[in-house]
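Got your viewer open? Load the model, get comfortable with the selection tool, and let's take a walk.

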Amino acid sequence: MFQDDFSTGLKREARELFERAFEAQAAEDYEEAIELYQRSIAVYPTAEAHTFLGWVYSFQGRYDEAIAECLAAIRVDETLGNPYNDIGSYLVAKGDLYGCVKWFKRALVAPRYESYAFPHINLGRVYEQRGRLLEAIRHYGLALEQEPGYAQATLALRRLQSRLN
C-alpha cells in the first residue's frame, strides 16, 4: 500500500507502527489502534496512516474526526483515492446524500486506488436512495466492470433492473 520505500529509518518505524495499528484495528482494539496510528503519523506522516486513523474514528461514530483525518491524508498525498471515498462514506453516514457525491467522484479520478469499484457502488447507493435509478444502475454496472465478482454490485444491479421491468 505504501508508495515509497519504507525499508529504513523513520519510514520503517512509521510502517511498523502502522502495521501494529492495523492489527489492533482488526482485533477491534480501537484505542490501541488510534494510539499506534497517531504515533506512526508523528514519526513519518503518510496518507495511509491518516486514512486508517479516520477509519477507526468512523467505527466509533466520530465522523467529523474521521473526515479531518482524511483531509490530512489528502494534504499528504492527493493521489491516494481512499480518503476521498471515505469522506463520501462518512458524509452518507451523517445523512448528506448530496455533499458526498463530489468526494466519490474525486475517488474515481485519483491515480492511486486499489479498487474503483468502491466509489462506484457508493455512488450507486446514493443515487438509488435519491431516486435516480438509471444513474444508480450505471454505477452498479461500472462497479461490476471493475470487479466482475462483486456480489453486492450484482445484487444491487439485479434488484434495480427488476424494479424497472
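What follows is a tour of some helix pairs, a few single residues and some salt bridges.

First, some ground rules. This is a predicted model, where local features need pLDDT of at least 70 and side-chain atom pairs count only at pLDDT 80 or more, while totals for chains, interfaces and linings use all residues. Residues are numbered from 1 along each chain as its sequence is written, and side-chain values use heavy atoms, with hydrogens and water left out.

**Stop 1: H3 and H5**

Select residues 47-59, which are helix H3, and then residues 82-93, helix H5. (Helices are DSSP runs of H or I with at least four residues, strands are runs of E with at least two, and both are numbered from the N terminus.) Two packed helices are described by the angle between their axes and the distance between the axes. For H3 and H5, the angle is about 20° and the axes are 10 Å apart. An axis here is a line fitted to C-alpha atoms, for helices over the stretch in contact, and angles run from 0 to 180 degrees between N-to-C directions. So H3 counts as roughly parallel to H5. (Under 35 degrees is roughly parallel, over 145 roughly antiparallel, 65 to 115 roughly perpendicular, and the rest oblique.)

Which residues make the contact? Show the side chains of Thr51, Gly54, Trp55 and Ser58 on H3, then Asn82, Pro83, Asp86 and Tyr90 on H5. Contact means heavy atoms within 4.5 Å. By class, the contact of H3 with H5 has three nonpolar, four polar and one charged residues. (Nonpolar covers Ala, Val, Leu, Ile, Met, Phe, Trp, Tyr, Cys and Pro; charged covers Asp, Glu, Lys and Arg; the others, Gly among them, are polar.)

Now turn the view: H3 passes H5 in a left-handed crossing. That means the near helix is turned anticlockwise from the far one by less than a right angle; clockwise would be right-handed.

**Stop 2: H5 and H7**

Keep H5 and add helix H7, residues 117-129. The axes of H5 and H7 come within 10 Å and cross at roughly 25°. That makes this pair roughly parallel too, H5 to H7. The crossing of H5 past H7 is left-handed.

Light up Asn85, Ser89 and Val92 in H5, which meet Phe118, Pro119, Asn122 and Val126 in H7. This time the residues divide into four nonpolar, three polar and no charged.

Zoom in on Ser89, in H5. Is Ser89 buried or partly exposed? It is partly exposed, with a relative accessible area of 26%. (Buried means under 20% relative accessible area, exposed over 50%, and partly exposed in between, using a 1.4 Å probe and protein chains only.) Leaving aside neighbours within four places in sequence, Ser89 is in contact with Phe104 and Asn122.

Click across to Asn122, in H7. Asn122 is buried, at 12% relative accessible area. Leaving out neighbours within four places again, Asn122 is in contact with Asn85, Ser89 and Phe104.

**Stop 3: Gly124**

Still in H7, pick Gly124. With 0% relative accessibility, Gly124 counts as buried. Not counting residues up to four places away in sequence, Gly124 touches Ala136, His139 and Tyr140. Try the distance tool on Gly124 and Leu157: they are 33 residues apart in sequence and 9.0 Å apart in space, C-alpha to C-alpha.

**Stop 4: salt bridges**

Side chains of opposite charge can pair when their charged atoms come close. How many salt bridges does the structure hold? There are ten, each with a side-chain nitrogen of Lys or Arg within 4 Å of a carboxyl oxygen of Asp or Glu.

Here are some to select:

- Glu16 and Arg12 meet at 3.1 Å, N to O. Both lie in helix H1 (residues 9-26), four residues apart, about one turn of the helix. Glu16 is partly exposed at 39%, and Arg12 is partly exposed at 45%.
- Arg62 and Glu65 have their closest N and O atoms 2.7 Å apart.
- Glu128 and Arg163 meet at 4.0 Å, N to O. This pair links distant parts of the chain, with Glu128 in H7 and Arg163 in helix H9 (residues 151-164), 35 residues apart. Glu128 is buried at 16%, whereas Arg163 is exposed at 52%.

For the last click, select Glu48, Asp77 and Arg112 together: they are linked in a network of salt bridges.
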